[in-house]
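Please look over the sequence and the three-dimensional structure shown below. The paragraphs that follow lead from one part to the next.

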Amino acid sequence: MAKNENGWHIKASTRFLFDPDNATILVRIIEAASIKFTDGGGVPVIDGDIVKGQTSGAKGRVVGSPILNDDDAGSWASNNAAGIILLNNVIGTFTSDEIIDVNRPVITATVKTKEIDAYSKRDNYIRAYYGTAENVGSPSSDPLDDQQMATSRGTIFWPPDNTEEWSAAVDYFTLVAWDANDNLNLPGEEQLDSNTMIRSGSLTTSATKFAKPEIGLHTFGINSTSIYFDDFAMQAVIQADPIIPPPVQE
């Protein structure tokens, strides 16, 4: 995976038995604000929770599961979980080193923002997946292996929204884990969640209508005429957000 002024580019690797002529390539992007946090405890923060800063008064809605630090041994049960919480519908600005209340019916928990770089207004959080047109090996609950059920042509398949929900019954893809040779460590970018997620702030949407399309399918190379695309599909969350415009525009 690489990036230039035209966007992100994904190319097939020879690491696995992977046929690009019979492949399904899927990219999942969450565009969200985020809080870097420590001292998470009581109960895990989950999708849909409403969080509010005790000092700033800022608040927002949690999107997906928090991204816990790879190198941190903390946990929610031990009151020392640490990582990143993704948010939408944010009002106000969270500040560094403040307590964040996490509220849902019956349950209340807290986290603490990091002392530096606590809050980011908007970034893209990117994962990529690939599948094959034929069954490969035995499906399992491991999203990183190259064994899965076929993503046969004519049917649209989707991976689980959360990797912890991965099971043999929904194992149609391999979740891509990037290595150091992928040249992704550009300014303002980082790899997260055991290198299966890329955080980037350089390709977020503008506050107005797009000047040009932001989704494209291309072939490259002297033999690219033998590659074609089918079963094109897209999922999008349509939400009322004062900052981020809708993903599908005229």
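**A guided reading of the predicted model**

R199 is buried, with a relative accessible area of 8%. The model in which this residue is found is a predicted one. R199 forms a salt bridge with D123, and the closest N and O atoms of the two are 3.3 Å apart. D123 belongs to strand β10 (residues 119–132) and R199 to strand β13 (residues 197–200), so this salt bridge ties together parts that are 76 residues apart in sequence. D123 is buried as well, because its relative accessible area is 6% and buried means under 20%.

Strand β10 takes part in another such link. The side chain of R127 meets that of D193 in a salt bridge, at 2.2 Å from N to O. R127 lies in strand β10, whereas D193 lies in the loop between β12 (190–192) and β13; the two are 66 residues apart, and the pair links distant parts of the chain. The two partners can be compared by their accessibility. R127 counts as buried at 12% relative accessibility, while D193 counts as partly exposed at 22%.

How many salt bridges does the count come to? The count comes to six. In general terms, side chains of opposite charge can pair when their charged atoms come close. One further example is the salt bridge between D97 and K112, with the closest N and O atoms 3.1 Å apart. D97 sits in the loop between β7 and β8 and K112 in strand β9 (residues 108–113), and the pair links distant parts of the chain, 15 residues apart. Both residues are partly exposed: D97 has a relative accessibility of 40%, and K112 has a relative accessible area of 25%.

The next subject is the nonpolar interior. The largest nonpolar core has 16 residues, and those with the most contacts inside it are F37, V45, V51, I85, L87, F94 and V111. At least two residues of this core come from each of β3 (23–41), β7 (81–91) and β8 (99–103). Of the contributions to this core, that of β7 is the most, with four residues. V45 offers a view of the surroundings: apart from neighbours within four places in sequence, V45 is in contact with V62, P66, W76, I85, V102, R104 and V111. A second core, separate from this one, has eight residues, including A32, I67, I84 and M197.

Aromatic rings form a further set of links, and the count comes to five aromatic pairs. The ring centres of F94 and Y119 are 5.6 Å apart and the planes stand at 50°, so this pair is tilted. F94 is in the loop between β7 and β8 and Y119 is in strand β10, which places them 25 residues apart. F94 counts as buried, at 4% relative accessibility. The pair of F157 and Y172 is also tilted, with ring centres 4.5 Å apart and planes at 35°. F157 and Y172 both lie in the loop between β10 and β11 (174–175), so the pair ties together parts that are 15 residues apart in sequence. F157 is buried, with a relative accessible area of 17%. In addition, ring pairs link Y129, W166 and F173 into a cluster.

The last stop is the surface. There, I25, V27 and I29 make a nonpolar patch of about 260 Å². I29 has its place in strand β3, a strand that also supplies at least two residues of the largest nonpolar core.

Technical notes:
Residues numbered from 1 in each chain as written. Predicted model: local features only at pLDDT ≥ 70, side-chain atom pairs only at ≥ 80, totals over all residues. Heavy atoms only, no water. Core = buried A, V, L, I, M, F, W, Y, C linked by side-chain atoms within 4.5 Å. Buried < 20%, exposed > 50% of the residue type's maximum accessible area, 1.4 Å probe, protein only. Contact = heavy atoms within 4.5 Å. Salt bridge = Lys/Arg side-chain N within 4 Å of Asp/Glu carboxyl O. Patch = residues over 30% accessible without salt bridge, like charges linked within 9 Å, V, L, I, M, F, W, Y side chains within 5 Å. Areas by Shrake-Rupley, 256 points an atom, 1.4 Å probe, with all protein chains shown as cover. Phe/Tyr/Trp six-rings, centres within 6.5 Å; stacked < 30°, edge-to-face > 60°.
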